[in-house]
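I am opening a notebook on this structure and will write down each thing I look up, in the order in which I look.

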Amino acid sequence: MTYDDLIPVIRRLALEAGDKIMEIYDADDFDVKVKSDSSPVTEADEAADALISAGLRAAFPDILLVTEEQAASHSKQGDTFLIVDPLDGTKEFINRRGDFTVNIALVENGVPTRGVVYAPARGRMFYTLADGRSVEETGGLDKDEPGEVTPISVSDPDNSALLVVASKSHRDQATDDYINKYQVKDSKSAGSSLKFCLVATGEADIYPRVGRTMEWDTAAGHAVLAGAGGHVVRFEDHAPLTYGKKGYANPFFIAYAPGVELKEA
């Protein structure tokens, strides 16, 4: 598999999954179940997962696939793998707030190197090109023919007037305590992996996450941010956030533009 092979496939699958998700989102009602970890799952999560998984397995049968909705995949490990969150921001979806995303990423030797983040209710799509640079597609989002794309890059932040983005559904006192260590001009809330993309486009300078996430929640957004010049580090020691960890659980982390002067935890 080459990056040139990968990017059109993950872009198309994200768009197709987005269509499936929006069909269910726009219906009068949809089923919500509770998983063993007490998190919600909807028929949209499951339909999008089935579509993306089938597409990736058909296109790249030899590459390990890890996906949130298939628990059997969570015990498998490898140096190179595709990782999927078919519907990140399920609470946003259930509450019809729009900030949910489709996430597909390639991880190589612990690093998310390529990825796509699609927010179907927002009509925003971000992905890495084959050469690793990140773009936002601003065209018609045709399945087979990519439209016009705009290169994206992180901000040149002003440390005396930072723009912060934080979780909409998971914000807590610990997050606010950390944000208060900075000189903040404006703070906004967003759901799902869109927070990485807002840092990637320069719409925010820093996104601290003091709370539980899994690698499928972050890999695609991490890849997009890295391709726009940003970094994601562990909250405690500012070491790079790595992937392929046993169980795929993340520590707390900070996503940021390199010009931000990071504060200690």
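I began with Glu-43 and found its place in helix α2, which covers residues 43-59. The model is a predicted one, and I keep that in mind for every entry. Glu-43 has a relative accessibility of 31%, and because partly exposed covers the range between 20% and 50%, Glu-43 counts as partly exposed. I then looked at the charge around this residue, and noted that Glu-43 joins Asp-28, Asp-29 and Asp-31 in forming a negative surface patch.

Next I turned to Glu-69, another acidic residue, whose place is in the loop between β3 and β4. Is Glu-69 buried or exposed? With a relative accessibility of 19% Glu-69 counts as buried, since the cut-off for that word is under 20%. Setting aside neighbours within four places in sequence, I listed the contacts of Glu-69 as Lys-35, Val-41, Asp-45, Asp-49 and Pro-86.

From the loop I went back to strand β3, residues 64-67, where I found Val-66. Val-66 is buried, and its relative accessible area is 0%. Which residues does Val-66 touch, not counting those up to four places away in sequence? I wrote down Ser-73, His-74, Phe-81, Leu-82, Ile-83 and Val-84, together with Trp-216 and Tyr-248. I also checked Val-66 against Leu-87, and the two are 21 residues apart in sequence, while their C-alpha atoms are 14 Å apart in space.

My last entries concern salt bridges, of which the count comes to eleven. I looked up one in helix α1 (residues 3-25), where Glu-16 and Arg-12 both lie, four residues apart, or about one turn of the helix. Their closest N and O atoms are 3.4 Å apart. Glu-16 is partly exposed at a relative accessible area of 26%, and Arg-12 counts as partly exposed as well, at 25% relative accessibility.

A further salt bridge brings together the side chains of Asp-131 and Arg-133, at 2.8 Å from N to O. Here Asp-131 counts as partly exposed at 48%, and Arg-133 is likewise partly exposed, with a relative accessible area of 44%.

I then noted the salt bridge between the side chains of Arg-234 and Asp-237, at 3.4 Å from N to O. Arg-234 counts as partly exposed at 33% relative accessibility, and Asp-237 counts as partly exposed at 47%.

I closed the page with a network of salt bridges that links Arg-124, Glu-136 and Glu-203.

Terms used:
Residues are numbered from 1 along each chain as its sequence is written. This is a predicted model: local features need pLDDT of at least 70, side-chain atom pairs count only at pLDDT 80 or more; totals for chains, interfaces and linings use all residues. Side-chain values use heavy atoms; hydrogens and water are left out. Helices (H or I, at least four residues) and strands (E, at least two) are DSSP runs, numbered from the N terminus. Buried means under 20% relative accessible area, exposed over 50%, partly exposed in between (1.4 Å probe, protein chains only). Contact means heavy atoms within 4.5 Å. Patches are made of residues with over 30% relative accessible area and no salt bridge: like charges are joined within 9 Å, nonpolar side chains (Val, Leu, Ile, Met, Phe, Trp, Tyr) within 5 Å. Accessible areas come from the Shrake-Rupley method with a 1.4 Å probe; for residues, only the protein chains shown count as cover. A salt bridge is a side-chain nitrogen of Lys or Arg within 4 Å of a carboxyl oxygen of Asp or Glu. Lys and Arg count as positive and Asp and Glu as negative; His and the chain ends are not counted. The place of a charge is taken as NZ of Lys, CZ of Arg, CG of Asp or CD of Glu.
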